[in-house]
Amino acid sequence: FLTMPQEPVIAIDRVNHYYGSGRLRKQILFEVTSEIQPGEIVIMMGPSGSGKTTLLTLIGALRSTQEGSMKVLGQQLRNAPNSRLVNLRRNIGYIFQAHNLLNSLTARQNVQMSLELHDQHLTRREREHRAEEMLEAVGLRDWRDYYPHDLSGGQKQRVAIARALASHPKIVLADEPTSALDKQSGRDVVEIMQRLAKQQGSAILMVTHDNRILDVADRIINMEDGRLSNLEAVPV
């Protein structure tokens, strides 16, 4: 049987990005071109201030594409109407450096809230059940009724992973997800993310400075001074 080539979930072609205007206008991204395939785990490295987070927010439809082509899940983001961007965000899971949990909600409620935003067709009971399943998958079943201030840094980041993956997104964008964690906790959360994403067929693009987790990647790309290059081999 011949298998049809899959369309990339992210296709970036000659994207430039600027901050400021007039004499203060500064170019941050230069002719960035890349593709990410379904189910692929890609790590983006590079020094602080090189444009990694800017590119992540463009891919996540959290910032407008100014120049070039940015196609995510087959949708062109440049000049896209707001309604298209809102629908697209429902297919993307975000994991941030600061886990961004709501302190007034329990672990289960934080995960459930993501399902309320993404999966409109689930009943309340189904959302509760899915949230509990995801917390069990990240090893936090017994902590589901705890509030964020009663959880460790590693546990909070696991809740953030459960929240990001609960709606079975096609893309997961992670910005420095291990930076506040010790070596073992960082390793744990990345392996959980890798396992769940592979089970769900999600593509992961992760920004990190953490050399200890590079082996989870299928491919590593490097951003320096706003320019993207491929690192061919994954360091062992």
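Okay, to kick off: which residues in helix 5 meet which residues in helix 6? Before I go through them, keep in mind that this is a predicted model.

So, on the helix 5 side we've got G154, Q157, R158, I161 and L165. Across from them, helix 6 brings in S185, D188, V189, I192, M193, L196 and Q200. If you sort the residues of that contact by class, you get six nonpolar, four polar and two charged.

Now the geometry. Two packed helices are described by the angle between their axes and the distance between the axes. Here, helix 5 and helix 6, which covers residues 183–200, pack at an angle of about 15 degrees, and their axes sit 10 Å apart. Angles under 35 degrees count as roughly parallel, so helix 5 and helix 6 are roughly parallel to each other. And the handedness, for anyone keeping score: the crossing of these two helices is right-handed.

Right, on to the pocket. The largest pocket comes out at a volume of about 310 Å³. There are 14 residues lining that pocket, and the closest to its centre are Y94, S114, L117, H118 and R163.

Where does the lining come from? Strand 6 (92–95), helix 3 (107–118) and helix 5 (153–165) are the elements that give two or more residues to it. So helix 5 turns up again: it packs with helix 6 and also contributes to the pocket lining. Helix 3 gives the most, though, with four residues.

And what's the lining like by class? We're looking at six nonpolar, five polar and three charged residues. That's me done, over to you.

Definitions and conventions:
Residues are numbered from 1 along each chain as its sequence is written. This is a predicted model: local features need pLDDT of at least 70, side-chain atom pairs count only at pLDDT 80 or more; totals for chains, interfaces and linings use all residues. Side-chain values use heavy atoms; hydrogens and water are left out. On a 1 Å grid over the protein atoms alone, a cavity is a set of points where a 1.4 Å probe fits but cannot get out, and a pocket is an open set with protein on both sides within 12 Å along at least five of seven lines; lining residues have an atom within 4 Å of a point. Grid points are joined across faces, edges and corners, and a volume is the space filled by probe spheres set on the points. Ala, Val, Leu, Ile, Met, Phe, Trp, Tyr, Cys and Pro count as nonpolar, Asp, Glu, Lys and Arg as charged, and the others, Gly among them, as polar. Axes are lines fitted to C-alpha atoms, for helices over the stretch in contact, and angles run from 0 to 180 degrees between N-to-C directions. Angles under 35 degrees count as roughly parallel, over 145 as roughly antiparallel, 65 to 115 as roughly perpendicular and the rest as oblique. A crossing is left-handed if the near helix is turned anticlockwise from the far one by less than a right angle, and right-handed if clockwise. Contact means heavy atoms within 4.5 Å.
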